Amino acid sequence: MKKYIMAFDAGTTSARTIIFDKNADIVSMAQRDLIKHFPKPGYVEEEPEDLWSKQIGTAVEAMIKKDIDPKEIAAIGISNQRETTIVWDKNTGDPIYNAIVWQCKRTADYCEELKNKGYGKMIEDKTGLVIDPYFSATKIRWILENVEGAREKAEKGELLFGTVESYLIYKLTDGEVHITDYTNASRTMLFNINENKWDDELLELFKIPKSMLPEIRNSSEVYGHSKSKYLGCEIPISSAIGDQQSSLFGTASFERGLAKATYGTGAFILMNTGKELVQSKNGLVSTIAWAIDGKITYALEGSIFEAGSAIDFLRDNLRIIDQADDSEYMASKVNDTEDVYFIPAFTGLGAPYWDQYARGAIIGLTASVSKYHIVRAALESLAYLSADVINAMEEDSNTKLKSLKADGGVSKNNFLMSFLSDIVDVEVKRPKLVELTALGACYMAGLSVGFWKDKEELREKTDVDRVFISEMDEETRNKKMKRWHEAIEYSKNWAK
Ligand code: ADP
């Protein structure tokens, strides 16, 4: 009897495996932190062998902890850190360089050069993305240009590229399957989001031979089976999906107009735009939410650089809170911020501003301002930043947000959730389960092997912990947003 789905949450800081039962409840979990290298300022690398061995290690550990027989596992689903680039030798399966992590800025100069040469619009039209070192294309090019012998090998068809899910599937199948899914492909900057295939012109521009690229498949289908030597028997591998898209699916945001915000160190907001590809005019990126049975669902995405990191700043830099949890009761000790605004632009501003020169600020100080007001202003800033992204999404898609699901470490903060609902003027739902990233991949994997019948069955499983309803009147909301934007202008101009 198949009783479980095994989900790999192949993250940036850790490799985790979670085993879910038919009720989508967690039965077992194991986690190991990954090794990171910072060879130069701005460079971030991980070791492919470390990603692989720890992923499979946690899978075995999760089974052993609860005495789960691998024969009881119906399928494996993978959600992964996106854009991170691995290139390996087709003949030996050995990586020719470390994994270049999405955070790595080594190709910033080349990206600037591309922008200066006027490639911005063409790339945005084709891929839905803005030119940025974040995405995989310039990282692959860097490996081909800088690793000895790589270019010749690639031209001879002897090298393969994949993001993390692609590499893990290759390893699990002993090199039999070299695939990626549409969500991961859409983050490479090599994928044409209008035609839904690899783009020859972009491959030419970045000088990347097509023979390196994986085949693009649905986010939910059986790609192959894990070799029995790894987990004790052959198990179907039946989903692969980028982490942010996975949590959108995990929150059951299946229809157009539904959105989720994950508040971890940074914040990622995704809105389902259904069958329509929406090209943003307001600083968001267009991406693929998932592909099932050849049918593609699109999303708009806005990433905010600072979320939990702003709370960590209060704790570690200003030392006005002892721990992150304190921020909630401290913010609630005062009725408002006394017109103080906190802008956490420590590394510039992300969506929808994309201003790398913006700097952080606390503005509006008077003699009566206390640490409580500053803590409150810091929490409120996360809601204002989210409101900016969500307003841009609504304008781009011409769709009013129906509801917002919020998850991640910072979403435990009730004050913030309530203020978020007020300032965005939307119902905010916080799901009970916090492991939504793994849950999305688990749902996808389960659907493709018939473990669950359809999406409707899954909708019933997503329990809500608490719903926050907007209580702010429009005039107050508009006034606060206006002040916020004045503060943002101040922060944008500081370092110019
Ligand atoms: P990541 O996955 O990016 O590592 P998590 O989802 O684990 O992040 O969230 C961690 C962040 O959440 C930390 O920055 C921490 O300061 C913040 N955090 C945790 N609890 C709270 C809280 N109650 N209020 C505000 N921030 C919180």
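A residue counts as buried when its relative accessible area is under 20%, as exposed when it is over 50%, and as partly exposed in between (1.4 Å probe, protein chains only). With that in hand, let us start at a helix.

**Figure 1. A salt bridge within helix α17 links E489 and K492.** E489 is partly exposed, at 40% relative accessibility, whereas K492 is buried, with a relative accessible area of 19%. A salt bridge is a side-chain nitrogen of Lys or Arg within 4 Å of a carboxyl oxygen of Asp or Glu. Here the closest N and O atoms are 3.5 Å apart. The two residues are 3 apart in helix α17 (residues 474–493), which means that about one helical turn separates them. Helices (H or I, at least four residues) and strands (E, at least two) are DSSP runs, numbered from the N terminus.

A word about the model: it is predicted, so local features need pLDDT of at least 70 and side-chain atom pairs count only at pLDDT 80 or more, while totals for chains, interfaces and linings use all residues. Residues are numbered from 1 along each chain as its sequence is written, and side-chain values use heavy atoms, with hydrogens and water left out.

**Figure 2. K126 and E201 meet in a salt bridge.** Side chains of opposite charge can pair when their charged atoms come close. In this view, the N to O distance is 3.0 Å. The pair links distant parts of the chain, as K126 belongs to helix α3 (residues 120–127) and E201 to helix α8 (residues 200–206), 75 residues apart. K126 is buried, with a relative accessible area of 15%, but E201 is partly exposed at 45%.

**Figure 3. D465 and R430 form a salt bridge between two strands.** Their closest N and O atoms are 2.9 Å apart. D465 lies in strand β24 (residues 464–468) and R430 in strand β23 (residues 428–431), so the salt bridge ties together parts that are 35 residues apart in sequence. Which of these partners is buried, and which is partly exposed? R430 is buried, with a relative accessible area of 8%, and D465 is partly exposed at 42%. The structure holds 39 salt bridges.

**Figure 4. Two neighbouring rings, F451 and W452, make an edge-to-face pair.** A pair of aromatic rings is described by the distance of the centres and the angle of the planes. Rings of Phe, Tyr and Trp (its six-membered ring) pair if their centres lie within 6.5 Å; planes under 30 degrees apart count as stacked, over 60 as edge-to-face and the rest as tilted. A search of the whole structure finds 22 aromatic pairs. For F451 and W452, the centres are 4.9 Å apart and the planes stand at 80°, so the pair is edge-to-face. F451 is buried at 6% relative accessible area, and W452 is buried at 1%. Both take part in one aromatic cluster, together with F249, F254, W290 and Y443.

**Figure 5. Y134 and F135 form a tilted pair.** Their ring centres are 4.8 Å apart, with 40° between the planes. Y134 and F135 are both buried.

**Figure 6. Two arginines sit over aromatic rings.** A charge sits over a ring if NZ of Lys or CZ of Arg is within 6 Å of the ring centre and within 35 degrees of the ring normal. The charged end of R141 is 3.7 Å from the ring centre of Y110. R106 lies over the face of W142, at 4.4 Å from the ring centre.

**Figure 7. Strand β17 is mostly covered and has a partner strand in β16 and another in β19.** Two strands pair if DSSP finds at least two bridges between them. How many residues of strand β17 (residues 267–274) are buried? The count is 8 of its 8 residues. A267, I269, M271 and T273 point one way, and F268, L270, N272 and G274 point the other way. Strand β16 (residues 258–263) pairs with β17 in the antiparallel sense over 5 bridges, and the two form a hairpin with 3 residues between them. In this pairing, K260 stands opposite L270. Strand β19 (residues 295–304) also pairs with β17 in the antiparallel sense, over 7 bridges, and here I269 stands opposite G302.
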